[in-house]
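Colleague: I am new to this structure. Please take me through the surroundings of the ligand.

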Amino acid sequence: MQIQNSHDLSSSNTLQLRSQAERFVELYTPADLSTLLMNPDLKKLPWKILGGGSNLVLPSQIEGLVLKVSNLGRKLIHEDPDYWFVKAQAGEVWNDFVQWTLEEGYWGLENLSLIPGTVGAAPIQNIGAYGVEVKDTLWEVHALDLQTGEPRVFSNKECQFSYRDSYFKQEGAGRYLIWDVTFRLPKKNVLHLEYGDIRKEVERNNWPQDPRHVAQAVINIRQSKLPDPKVIGNAGSFFKNPIVSKELRDGLLSKHNDLVSFPYEDRYKLAAGWLIDRAGWKGKKLGPVGMYEKQALVLVNHGGATADDVWKLARQVSSDVHSQFGVEIEAEPIRW
Ligand code: EPU
């Protein structure tokens, strides 16, 4: 384990923001964390945990120590007549893990294909797409306490998952480092084709309705709508879809009959992409950043942007959405 000074993180965040960490270290074993905790000079620095950098807005200078979780590995750890239990280390690239499960014949994660980021980051914001969320199949999380290095296991319930949220983004923020994640994948898989254009894409290609083809449909749809972060910096959806009361949704629907909304518990989830689009921001720029031309929910870096540019645009977009529709939209990426 090597601690580096002044480490460049510009290519370690998908928004491609220029950023330097004061100190940087990669962790491969839980013992690496214990070693760091024994060093009083390092212990007093602020610590930040980096996964795939796909849900972060980084400042140009990061004070303190950035820890990159680089442990790798994935395997079937247990099987019963109804489920496969599959464990992946936090440093695995999420999509590589998903495609590996499908190659091995374990199903259930196909709708989550091509989401950027690492396995360790997935539970933090309960990643989701096309009607499926990580919480649906997550069995348990093994984490390390960042104060003591002690291991702690979190059951699905203890992770307190909700839409793009979990214990690790709330009370647990900054307290634990996720080390590995176990999924319980049902052998009687139910395919989720109903969301978006998945069924259309499968039928258009005359593919059989099986998990690998659902994964391919998701990959095709994502590639057609979402910018590749290697080509144009972005952090996926920049805003969460707001959840509002029935009264507010009904009021908006009476004025805008094409409003996109879905029932969510006893409330309604509105499509933030639709709100931003109708507020006139689709394909529009502010300085070096803008809202993507094919999907208004995605904030893109056209080159050379800083965190300030990102937040300036985010504030402007959410203020325009608020004044036009009376709805608050909240940013999804984490601000360091
Ligand atoms: N829409 C517009 N204009 C736009 C964009 C969208 O009118 O510019 C409308 C669409 O026509 C559609 C609706 O808004 O009817 C919803 O759009 P879409 O189906 O593209 O999905 P989303 O709600 O924008 C969510 C997730 C995505 C996930 C997709 C597919 C959030 C914040 N985003 O997007 O997740 O891939 O559904 O399941 O929940 C991410 O979190 O980074 C992410 C990409």
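Modeller: Here is a walk around the ligand, followed by a look at a pocket. Keep in mind that this is a predicted model.

Start with the shell. It holds 23 residues around the ligand. The closest are Tyr 130, Tyr 163, Asp 277, Gln 295 and Ala 296. Sorted by class, the shell has 10 nonpolar residues, 6 polar ones and 7 charged ones.

Next, the polar side chains. Three of them can be picked out by distance. Asn 241 has a side-chain N or O atom 2.9 Å from an oxygen atom of the ligand. For Glu 332, a polar side-chain atom is 3.1 Å from a ligand oxygen. For Lys 282, the distance from a polar side-chain atom to a ligand oxygen is 3.2 Å. How much of the ligand does the protein cover? Taken on its own, the ligand has 830 Å² of accessible area, and the protein covers 82% of that.

Now see where the shell comes from. Four elements each supply at least two of its residues: the strands β8 (128-129) and β13 (233-237), and the helices α5 (211-225) and α7 (272-278). Which element gives the most? That is α7, with 3 residues. On the domain level, domain 2 (74-186) and domain 3 (233-335) each contribute at least three residues to the shell.

Two of these elements turn up again elsewhere. Turn to the second largest pocket. It encloses about 760 Å³ of space. Its lining is made of 28 residues. Those closest to the pocket centre are Thr 14, Pro 116, Asp 228, Pro 229 and Lys 230. Helix α5 and strand β13 are the elements that give two or more residues to this lining. Both also supply at least two residues to the shell around the ligand.

What classes of residue line this pocket? The lining counts 16 polar, 8 nonpolar and 4 charged residues. As for domains, at least three lining residues come from domain 1 (4-69), and at least three from domain 2 (74-186). Domain 2 likewise gives at least three residues to the ligand shell.

Note on methods:
Residues are numbered from 1 along each chain as its sequence is written. This is a predicted model: local features need pLDDT of at least 70, side-chain atom pairs count only at pLDDT 80 or more; totals for chains, interfaces and linings use all residues. Side-chain values use heavy atoms; hydrogens and water are left out. A residue is near a molecule or strand if one of its heavy atoms lies within 4 Å of it. A polar contact is a pair of N or O atoms within 3.5 Å; within protein, one must be able to donate a hydrogen and the other to accept it, and residues adjacent in sequence count only if both atoms are side-chain atoms. Accessible areas come from the Shrake-Rupley method with a 1.4 Å probe; for residues, only the protein chains shown count as cover. Ala, Val, Leu, Ile, Met, Phe, Trp, Tyr, Cys and Pro count as nonpolar, Asp, Glu, Lys and Arg as charged, and the others, Gly among them, as polar. Domain bounds come from an automatic or database domain assignment. On a 1 Å grid over the protein atoms alone, a cavity is a set of points where a 1.4 Å probe fits but cannot get out, and a pocket is an open set with protein on both sides within 12 Å along at least five of seven lines; lining residues have an atom within 4 Å of a point. Grid points are joined across faces, edges and corners, and a volume is the space filled by probe spheres set on the points.
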